[in-house]
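Hi everyone, thanks for making time for this. I'd like to walk you through some side chains today, so let's put the structure up.

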Amino acid sequence: MYRLLLLVLSFVFSSLVGAVTFDEQTRMLPLGQSMYVFEDVRGDASIDDVASPAVQGSFRLHDKPVLNAGYSRSVFWLRLDLEYRPVQAQGDRNWLLELAYPPLDHIELYVPDEQGSFALAQRTGDALPFDTRQIRQNNYLFELNLEPGQSKRIYLRLESQGSIQAPLTLWAPNAYLEEQPGRIYVLGIIYGVLLVMLVYNLFIFLSVRDTSYLYYILYIASFGLYQVSVNGAGIEYFWPDNPWWANAATPFLIGSAALFGCQFARSFLHTAEHSRWVDRLLLLLMACGAAVMILALSVSYATALRLATYLALLFTVVIFAAGILAWLRGMRVARYFIFAWTAFLVGGLVNTLMVLGYLPNVFLTMYASQIGSALEVSLLSLALADRINAMKEERTRILQEAGRKLEELNQELADSNRFKDEFLATVTHELRTPMNGVIGSLELMQTVKMDVELEQYQKTAAASARDMMRMVNDILALTELQAGKLYPRREAFSLRGLFDGLRAQYAPRAEDKGLTFALELDDNLPDILEGDAAKLAQALGYLLDNAIKFTSEGGVTLQVGRAGSQGSNLPLSVVVSDTGIGFAHGEGDLYQRFHQLDGSMTRKYGGLGIGLAICRQLVDLLGGSLGHESQPGVGSRFRLNVPLTLPEQQAVPVARPQRVPSGTALRQAQQCTVLIVEDNAINQLVTRGMLLKLGYRVRTADNGAEALDLLRGEGVDAVLLDCQMPVMDGFATCRAIRALPGFAEVPVLAITAHSHSGDRERCLAAGMSDYLAKPVKFEELRVLLHDWVLCRPPQVSGGAAPI
């Protein structure tokens with residue numbers, strides 16, 4: 001009896017030695033080096049066998065952060081001893097156990113039961129329907145209830161025909177929820193790049209009908225869907241009830257990507273003309289890709305996946321070699337091709353070696369393939385664009401050699417320019433939404449603690465994104481002017497409000513360069529005038545942007561006065577002067593499109609060279625005039641005269657809640673609820689992330705009707721309202737909100753993508769308190785909510801109090 005007691009005590013003691021202890025302050029706990037692993041080679045052991053004392057000695061403490069068994073036919077049992085030791089006495093608490101490797105086929109969780117043995121608590125995996133998961137996420141999450149001061153042993157059984165990886169982490173539920181936006185933002189940027197490049201090349205294909213673009217589009221689609229399948233998003237969103245396809249999709253899409261990728265390389269590099277043996281090798285790989293696609297649908301997942309993995313390795317090496325040979329043979333476009341496939345090759349090799357078990361499973365190795373593919377598709381798009389330039393040069397040579405076809409080719413060139421303008425207008429429209437998402441994500445990254453290097457990268461990316469957005473807006477304005485889609489409006493506006501807004505926008509940019517910015521506005525001018533304030537502000541913006549850009553010392557002055565008076569008409573005179581580099585008076589083509597004072601490749605000042613051209617066309621549209629005078633080394637002076645009118649009858653101002661700029665906060669952000677009304681999922685996600693970072697409670701609605709239903713049931717402290725929405729637009733929604741009981745004083749803040757098209761006046765006329773222009777910037781949103789929400793006492797806004 002004594003020996004039996006010692007045996008039992010020794011078994012209990014051994015089970016507690018490896019227990020992982022933590023308290024209520026723990027947020028995230030990696031378990032890779034705290035778990036014990038038993039490899040069941042035959043795969044027939046039951047939970048009773050594994051939990052028996054005879055097998056316990058076969059468990060080995062894992063010494064690496066992540067279990068990485070590669071392609072193995074064994075069954076792996078993981079044993080974890082968890083002990084919750086709170087510093088302060090508390091009751092039971094729930095924790096989340098995360099297994100962050102979606103492509104596992106079968107996972108079983110065993111926990112102690114009341115009889116002292118172990119019972120199956122959860123069975124899941126991508127070989128089962130998605131609704132078998134306890135918590136519906138692409139990674140596997142298990143909810144554990146742990147009692148204070150008691151060790152709890154659990155077992156995990158892993159079996160998969162593919163690679164077996166086990167990155168295990170214990171999370172506090174709130175910490176897990178806070179961690180998700182960062183991962184979503186990274187994946188969102190990666191998939192956003194893939195989607196933008198696919199749409200971009202689709203429009204080019206529809207314009208030029210070059211089959212290289214078609215093959216490239218099919219390659220991007222195949223590879224993007226492969227990434228979706230591997231990351232678990234496929235079974236979560238696209239095929240949740242088809243576990244067979246969830247497994248078969250991975251080798252099938254690898255084969256599809258190899259098939260179309262090889263055909264794209266053959267068409268793009270003209271291998272049939274320059275490298276016959278490389279062309280035959282690419283044809284062989286295409287056949288292998290088609291065979292893998294067929295095998296993925298007909299043989300076992302394990303066999304197809306192994307063949308697909310080796311095909312992917314061979315595919316990347318052969319494609320890279322084809323690019324090298326094309327470059328050595330003098331093909332200019334091959335340089336971008338090589339850079340692109342280098343990024344893809346490195347990412348693919350890292351990810352494949354991780355899957356095979358030669359590299360650890362960490363964030364970089366897990367997402368190396370996605371990062372490499374995002375870089376690859378971006379660089380290949382540059383290669384395709386460079387190919388268009390090469391084609392244009394070839395066309396010019398043919399025109400010079402074949403004069404008899406000049407008239408026909410000129411007509412073809414005119415059609416091409418028309419297609420280009422239509423494509424440019426379409427692309428600039430389509431790029432706005434993903435660019436809003438990119439800029440918003442980069443703004444949110446400023447709130448995350450980063451090292452110096454990452455912070456510099458973030459600042460560079462944010463500045464580049466903003467510059468790109470400005471160029472997109474400029475190109476869109478130019479194409480709309482060329483197409484005759486813009487016309488002048490006649491609306492009442494505040495003159496001082498317009499110029500105060502220009503000063504707020506451009507004075508900080510001038511001060512960043514060490515320049516002064518002065519606004520001299522004639523006090524005798526009336527404040528309320530009628531005209532197109534948006535186009536006037538847009539035209540002046542180009543003049544102020546140039547003045548700041550070409551001035552390195554001194555300052556910029558904005559003078560506003562009266563050019564005369566004719567009854568109810570008021571000719572307004574605006575002068576923008578600077579102390580910059582100036583230019584010679586003989587610059588007759590200054591207002592031409594794409595003209596720059598320094599057009600060399602190494603010019604000091606960047607830009608598209610379309611600002612003054614757009615400015616001149618806007619002024620002509622408003623019926624005004626634009627002139628200039630300048631002296632090299634002294635500065636420039638642009639004078640803009642535009643006719644405005646006095647309103648026939650001053651409208652009685654509507655009482656609205658007032659902004660409290662730079663006031664003292666009367667309450668905390670955590671006490672306030674903000675409602676986001678936005679139909680675009682990307683913009684809604686970014687804005688919600690910003691508000692959560694600022695500490696506000698957030699509610700969301702996809703349209704105006706849904707927002708009104710929500711507001712009838714509960715109160716909020718502010719509403720962020722998109723102006724362009726289905727069902728009810730922002731202006732109608734605002735008027736309906738103001739009509740609700742108790743919402744007359746609630747700040748309603750508009751978010752508009754067209755800050756230069758008269759939306760400001762429409763927003764204020766509809767009863768909105770203020771507005772923000774897209775893309776929403778984190779600091780501007782913080783200041784706006786501080787002034788409108790935190791600096792105002794709580795308001796009773798109708799409905800039930802928000803929880």
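Before we start, one term: buried means under 20% relative accessible area. And please keep in mind that this is a predicted model.

With that cut-off, let's look at W95. Its relative accessibility is 1%, so W95 counts as buried. Its ring partner is F22, and F22 is buried too, at 5% relative accessible area. The two rings form an edge-to-face pair, with 4.9 Å from centre to centre and 75° between the planes. What I like here is where they come from: F22 sits in strand β1, residues 20–22, while W95 belongs to strand β7, residues 93–99. That puts the two partners 73 residues apart, so to speak, linking distant parts of the chain.

W95 has another neighbour as well: R93 lies over the face of its ring, 4.5 Å from the ring centre. There is a similar story at Y36, where R79 lies over the ring face at 4.4 Å from the centre.

How many aromatic pairs are there by this rule? The count comes to 12. Ring pairs also link F238, W239, W244, W245 and F252 into a cluster.

Now, the cysteines, since someone always asks. A disulfide is a covalent bond between the sulfur atoms of two cysteines. The count here is zero disulfides. Why does C262 have no bond to C288? C288 holds the closest cysteine sulfur, but at 9.0 Å from the sulfur of C262 that is too far for a bond. C262 is buried, at 0% relative accessibility, and C734 is buried with a relative accessible area of 0%.

Thanks, and I'm happy to chat afterwards!

Definitions and conventions
Residues are numbered from 1 along each chain as its sequence is written. This is a predicted model: local features need pLDDT of at least 70, side-chain atom pairs count only at pLDDT 80 or more; totals for chains, interfaces and linings use all residues. Side-chain values use heavy atoms; hydrogens and water are left out. A disulfide is a pair of cysteine sulfur atoms within 2.5 Å. Buried means under 20% relative accessible area, exposed over 50%, partly exposed in between (1.4 Å probe, protein chains only). Rings of Phe, Tyr and Trp (its six-membered ring) pair if their centres lie within 6.5 Å; planes under 30 degrees apart count as stacked, over 60 as edge-to-face and the rest as tilted. Helices (H or I, at least four residues) and strands (E, at least two) are DSSP runs, numbered from the N terminus. A charge sits over a ring if NZ of Lys or CZ of Arg is within 6 Å of the ring centre and within 35 degrees of the ring normal.
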